[in-house]
Amino acid sequence: MLEDLVFPEIVFFKVVQLCVQRLLIYPKRYPVHIKMQKAWFYEVHGPKEVLKLGDFPIPYPVQNQLLVQVRAAALNPIDFKLRCNPLVFTDFPVVPGCDMAGIVVGKGDHVSRFEVGDEVYGNIQNFNAKGEFKQLGTLAQFIVVEENLVASKPNNLSFEEAASLPVAVQTAVEGFKTAGFKEGQTIFIVGGAGGVGTLAVQLAKQLYRASLVAATTSTAKVEFLKTLGADEVVDYTKTRYEEVKKKYDLVYDTIGESKNSYVVAKDGAPVIDITWPPSNPRAVHSSLTVSGEILETLRPCLESGKLTAVIDPAGPFHFCDVIKAFEYLETGRARGKVVISPFSAPYLTSEFCNSKLVPQRSFIGC
């Protein structure tokens, strides 16, 4: 470029910048004094087989960030969709994962809400923020996350239960807000046994006080949905949407079938579709607001048992079995959430604490 010829110092700066970027991007090229952890990552887009388990640098928490030792994580469809396709820009390698629950082991200077030793949970990928996705997702032993994105883990929840909630419950809540759902109205939930669906059923009944909650699922899960609070359950293997006799104030589609499911909505009633783009032009897309405040608001419901986490009985999957977990999730037959736990964590030695990675005061037991 012309500027490179006129200003040689720009060339030098760009070379240095490129070297730094490559050092940050490729874990195996880190200097030996950088402390490492185990993480699942991919260096190209593709099927689950592109995932690798290897060494990844333990991050440094700055400003309003927490360093969290991950105790459990949960998988979401967005995780494999981003792995398969370049939907957003991020540098390789990418560690997938949004949901996690764990223990704070370090914090930036501007953190005010949490202390080392606190148990937290949240969705660390702020979909609402401008810029890139975090390169380091939650399928790692340690992650950094802004304090406003997490909440204190309810005492009655295990790490596995807490990790299953953030993305799904934030998505579920947003759908009700987008629709302007009111107490006493009726709702038809498509995909009631999935990660978002199981929470939408409970929220409709317990928090938004729907007068009638109907949901679809397969034969084997009909009775399960009734235990969550569904008043009526439609077995989609036996009943088509056109055969449903009632009409509803809200159709909440969690699986992207709004092109067909809209027929059970009353005239002019909202049809919410959480997939993008919605398969029906009439449907309104609802995404999610990523915030720890939403999780804190739901704490009373969680601690009272009115809202329960649903973990697929096939799991939790061990950290070493992440590929098997993705294989199971991608069948589309999971009940509730697919959870990863336990996570093997490296021993935090005094040498680790005294390294330049994180100040010694930021760690437990050192």
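P93 is found in the loop between α3 (77–84) and β4 (99–107) of this predicted model, where helices (H or I, at least four residues) and strands (E, at least two) are DSSP runs numbered from the N terminus. A cis peptide bond, with omega about -5°, joins F92 and P93. Another cis bond runs from W276 to P277, with omega near -10°, and P277 has its place in the loop between β12 and β13. Residues are numbered from 1 along each chain as its sequence is written. In this predicted model, local features need pLDDT of at least 70, side-chain atom pairs count only at pLDDT 80 or more, and totals for chains, interfaces and linings use all residues, while side-chain values use heavy atoms and leave out hydrogens and water.

The strands β12 and β13 that flank P277 also belong to an open sheet of 6 strands, in the order β10-β9-β8-β11-β12-β13 and with parallel pairing; two strands pair if DSSP finds at least two bridges between them. The edges are β10 (232–235) and β13 (284–285), each pairing on one side only. Strand β12 (residues 271–273) meets β13 in the parallel sense over 2 bridges, and D273 stands opposite H285 in β13. Across β8 (186–190), β11 (250–253), β12 and β13 lies helix α5 (residues 166–179), which runs at about 150° to β11. Such angles run from 0 to 180 degrees between N-to-C directions, the axes being lines fitted to C-alpha atoms, for helices over the stretch in contact, and contact means heavy atoms within 4.5 Å.

Helix α8 (residues 258–261) holds S261. S261 counts as buried because its relative accessibility is 0% (buried means under 20% relative accessible area, exposed over 50%, partly exposed in between, with a 1.4 Å probe and protein chains only). Leaving aside neighbours within four places in sequence, S261 is in contact with V190, Y241, V251 and D253.

Two residues have positive phi although neither is a glycine: Q63, at about 50°, and R209, at about 55°. Q63 is found in the loop between β2 (52–57) and β3 (65–75) and, at 51% relative accessibility, counts as exposed. R209 sits in the loop between α6 and β9 and, at 49%, counts as partly exposed.
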